[in-house]
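This report describes a predicted protein model. It takes up the internal space of the model, then a helix, a loop residue and the overall make-up.

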Amino acid sequence: MGRTGKGKRAMRNIRRAGANKRQSQEQPPDWVIDMNNDIKEGPVCDSGKWWTVYRVPKNMRGIHRNAFLPKIISIGPFHYRDPGLRIMEQHKMRYLLRVLESRPQENGEQSQAGKGAIRLEDLAESIGGLEQKTRERYSEDFLIESDEFVQMMIIDGCFVLELLRLYFKFDNELEDVEDPIFTTRWMLRTLQRDLLKLENQLPFFVLEKLYELICSANDPPLVDLVLTFFDPLLPRKNIKEKVNSEEEFDHMLDVFRSTFLFSINERTPAAGWKQLESTANIPLVQERQLIHCVTELQEAGVGFKKRQDLDLLDIRFEDGVLKIPPLYIDDNTVPLLLNLVAYEQCDQDAKPFFTNFFMFFDSLINSHTDVEILHKNGIINHVLGSDKDVANLFNKLGREIVYDLDECYLSQQMKDVNDYCKKYYASKWHVWLTNLIRDYFSSPWAFLSLLAAIALLLLTTVQTYYTVYAYYN
C-alpha cells in the first residue's frame, strides 16, 4: 500500500515537472524578462562617466569618520530623510519663502531689471527639465519619486543660494543680517563645514540655473558668493583672483578646490614621473617618492623654511632648503582637506593635487619628532592635542589612499631631495659628524656632559699614568 502511494506521488511530480517545462518553453523566467528590460533601457554601467558627486569610500571613512558625515544639514539625496539632520528643514522652508518674496511682482508688472516675480512653478519647470541630468551626476541610484526629487533640489538649492547671498551682505557689511543662523554662533561655522563635504553637494549647474532664476541685478556672480562664504575655513588673500569664473565646476567643493591650483597650473603643468623618466632612469618604486623623513633629512643637512603668502600646494626645494607654505590643522581644515582628497580619489577627471600633497607629508612624517621639527619651523600648526595625533592622521591617510606616482606634481622636488640626500649618505664621514653633533651638541646640557666625560677620561688617564710610573720607579 505504501509503495503504491509513493508511486502515485512520483507520477504526479513527473507530470508537474513536465507541465512546468512546457510552460518555461513558452515563457522565460521572471529574472530573464527583468534583465532583458534593463538591457533595452540601455547600459547602466556607462552612466558612471557622468558622476561628480560620490559616497566616500568605506576605507577613507575609517580615517576620520566625522570629517565626511554632515552634522546638522542634508543637501542632496545621499542623506535625504536622515532623522538626525531634520533640525535644518524648517530653516530650508524659511529660506525658500525668503527667495520667493525677494522679488515681488507689483500690479502684474516686471521689476528688478526686467525680471518678474519668482514663481515656484517656474523653478519646478526648470529644475524638472534637469532631473535626469542631475541624477546622472550621483554615483548611486536613489529610490526617490520624480516630483519629490525635484522638490528636494529646489528646496536645498534655494537654501544654499539664499545663505550665500545673506553671508555676502553680512561679510561686506552691506546690511545687518538678523537671522537665527547668523545670530547663533555655532551654526554658521558648522554649515560652512557641512556644505563642503563631498556627500553633501549639489551639481553646480543646478545652483547656476536656480541662481539665474532668482538673482537680482545687484547680486554678485555665483562663484564670488561661494568663495566669500567658504574663505573663513582657510583664509587666503585675493582668493577671488585665483579662480576662472568661466570654468565649468562640478560643485561647490570643486569651486573652492580650484583656488588652490592657481599657482601650480600657472607655473608648469604637472607632468609627473613620466616626464622625469625620459631624462633619468628611475627604476625603483621607492625612488619615486621621498625616501627619508624630516628627522633624517635634517641630519642630511636639508633645511626647512616656511613660505609666506603662497598657495598651500606650492612646495619647492632650492639650495638644500625645503620651502613649504604653513599648514594649519584644526576642526576646519581637517574635514576640508580630507573631502578634497576623497573627491580626487573618486573622480577620474580631478587631478590628484591634494592626494600628492598628503603623500608628500606622509613621507615626511614618521613620528611625533618629525611633526615637532616642522612645527618649530612654522610649517605645521595644529590643535589636535599632540604631535603624535598629527603623525597618526597623516600615516593613517597614507595607508588608505591610492597614489598615482605617474601623475605627481611634486615629482621634481622629491627627486631633488633624494639626490641631495644620496650625496650625504654616500660619505660615512658626513654621517659620523652629523651623529656627533646630534648626540653631543644638540643642547648645552649634552655639551657639558661631553666635557665632563672628556675631563673624567683625562683625569683617569693621568692617574693611571702616575700609578704605573710610581710602580716602576
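## The largest cavity

In this predicted model, helix α16 gives the most to the lining of the largest cavity, contributing four residues. Both α16 and α19 (387–400) supply at least two residues of that lining. The full set of lining residues is Ile329, Thr333, Val334, Leu337, Leu338, Phe358, Leu393 and Phe394.

The volume of the largest cavity is about 50 Å³. The structure holds one cavity of 30 Å³ or more.

## The largest pocket

The largest pocket has a volume of about 750 Å³, and 32 residues line it. Those that lie nearest its centre are Glu248, Phe249, Asp250, Asp254 and Tyr343. Two or more lining residues come from each of α10, α12 (252–258), α13 (262–267) and α16 (333–346).

Helix α16 therefore has a part in two linings: it is among the elements that give two or more residues to the largest pocket, and it gives four residues to the largest cavity.

## Helix α5 and its cover

Which residues of helix α5 (residues 120–128) are buried? They are Leu123, Ser126 and Ile127. These residues lie on the same side of α5, because they cover an arc of only 90 degrees around the axis.

The elements that cover the buried residues of α5 include α4 (89–101), α6 (131–135), α7 (146–171) and α10 (204–214). Helix α10 is also one of the elements that give two or more residues to the lining of the largest pocket.

## Asp314 in its loop

Asp314 is placed in the loop between strands β1 (303–306) and β2 (316–318). Is this residue buried or exposed? With a relative accessible area of 2%, Asp314 is buried, since the cut-off for a buried residue is under 20%.

The side chain of Asp314 is joined to that of Arg316 by a polar contact of 3.2 Å. Asp314 thus combines a buried position with a polar side-chain partner, Arg316.

## Overall make-up

The secondary structure comprises 22 helices and five strands. The protein has 473 residues, and buried residues make up 44% of them.

Of the contacts in the protein with a separation of 6 or more, 70% are between residues 24 or more positions apart. The accessible surface comes to about 26500 Å², and carbon and sulfur atoms account for 52% of this area.

Definitions and conventions. Residues numbered from 1 in each chain as written. Predicted model: local features only at pLDDT ≥ 70, side-chain atom pairs only at ≥ 80, totals over all residues. Heavy atoms only, no water. Buried < 20%, exposed > 50% of the residue type's maximum accessible area, 1.4 Å probe, protein only. Polar contact = N/O pair within 3.5 Å; in protein donor to acceptor, adjacent residues only side chain to side chain. Contact = heavy atoms within 4.5 Å. Areas by Shrake-Rupley, 256 points an atom, 1.4 Å probe, with all protein chains shown as cover. Arc of directions from axis to C-beta. 1 Å grid on protein atoms, 1.4 Å probe; cavity = no way out; pocket = protein on both sides within 12 Å on 5 of 7 lines; lining within 4 Å. Points joined across faces, edges and corners; volume = space filled by probe spheres on them.
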